[in-house]
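This report concerns the charged side chains of one protein chain and their surroundings. Please consult the sequence and the model shown below while reading.

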Amino acid sequence: MGLLDKITMLTENHTEPPAVAECDAKLTQLEQQKKEVLYRIGEKYAASNTVETAAGIPYEEEMTELQNIEREFVQTEKRKLAVQGLRKCEKCGNVLAIESAFCNKCGEKLEALQLEPAGGENTCPNCGSAYEEGTAFCTTCGTKL
């Protein structure tokens, strides 16, 4: 049986020798390991740098994008908690009732909760929930509008 006969037989049967499957699995595993190492490098770089320290280097755009994503993440998390009637202590991360003035875990005085609007004109400045025109108080968190 010649080489072309073997190739034709493999193509017709759509089966690969076990060694090929083992190599494919190993290549996939190594590629995943490579991605994980690159990810860890990126995490360490991002943790030890800011947009200011990245100015003028090849990663400036990505650091700015990361900063914007992190800001949006924090605001979305605050909005989610506010809709549930909760908030996080900025110092220790403890989850508290939205009307709390002090953290019951670390004692930090809590400032008024400020959220960026989720979008649109009729959004509560406190929790970001949408409200109808003419509404006096937010139905989600009770803030005077």
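Which pattern of helices and strands does the protein chain follow when read along the sequence? The pattern is α-α-α-β-β, made up of 3 helices and 2 strands. These elements are DSSP runs numbered from the N terminus, with helices (H or I) of at least four residues and strands (E) of at least two.

The model is predicted, so local features need pLDDT of at least 70 and side-chain atom pairs count only at pLDDT 80 or more, whereas totals for chains, interfaces and linings use all residues. Residues are numbered from 1 along each chain as its sequence is written, and side-chain values use heavy atoms, with hydrogens and water left out.

**Overall character**

Of the 145 residues in the protein chain, 18% are buried. Here buried means under 20% relative accessible area, exposed means over 50%, and partly exposed lies in between (1.4 Å probe, protein chains only). Among contacts (heavy atoms within 4.5 Å) with a separation of 6 or more, 19% join residues 24 or more positions apart.

**Salt bridges**

Side chains of opposite charge can pair when their charged atoms come close. A salt bridge is defined as a side-chain nitrogen of Lys or Arg within 4 Å of a carboxyl oxygen of Asp or Glu. The structure holds 3 of them, as tabulated here.

| Pair | N to O distance |
|---|---|
| E77 and K88 | 3.2 Å |
| K78 and E90 | 3.5 Å |
| E108 and K91 | 4.0 Å |

E77 and K88 form a salt bridge. This pair links distant parts of the chain, with E77 in helix α3 (residues 60-83) and K88 in strand β1, 11 residues apart. E77 is partly exposed, at a relative accessible area of 29%, and K88 is also partly exposed, at 32%.

K78 and E90 are likewise joined by a salt bridge. It connects helix α3, where K78 lies, to the loop between β1 and β2 (95-97), where E90 lies, 12 residues apart. E90 counts as exposed because its relative accessibility is 59%.

The third pair is E108 with K91. E108 lies in the segment after β2 and K91 in the loop between β1 and β2, so the salt bridge ties together parts that are 17 residues apart in sequence. E108 is partly exposed, at 32%, whereas K91 is exposed, at 58%.

**Two residues of strand β1**

R87 is placed in strand β1 (residues 86-88). Is R87 buried or exposed? R87 is buried yet has no salt bridge, and the nearest side chain of opposite charge, E90, is 5.6 Å away. For this comparison Lys and Arg count as positive and Asp and Glu as negative, while His and the chain ends are not counted. The R87 side chain does reach the backbone oxygen of E111, at 2.7 Å. Leaving aside residues up to four places away in sequence, R87 touches residues including L81, N94, V95, L110 and E111.

K88 is also placed in strand β1. With the same sequence exclusion, K88 touches E77, L81, G93, N94 and V95. The C-alpha atoms of K88 and I98, 10 residues apart along the chain, are separated by 8.4 Å.

**A charge over a ring**

The charged end of K109 sits over the ring of F102, 5.8 Å from its centre. This term requires NZ of Lys or CZ of Arg within 6 Å of the ring centre and within 35 degrees of the ring normal.

Notes: Polar contact = N/O pair within 3.5 Å; in protein donor to acceptor, adjacent residues only side chain to side chain.
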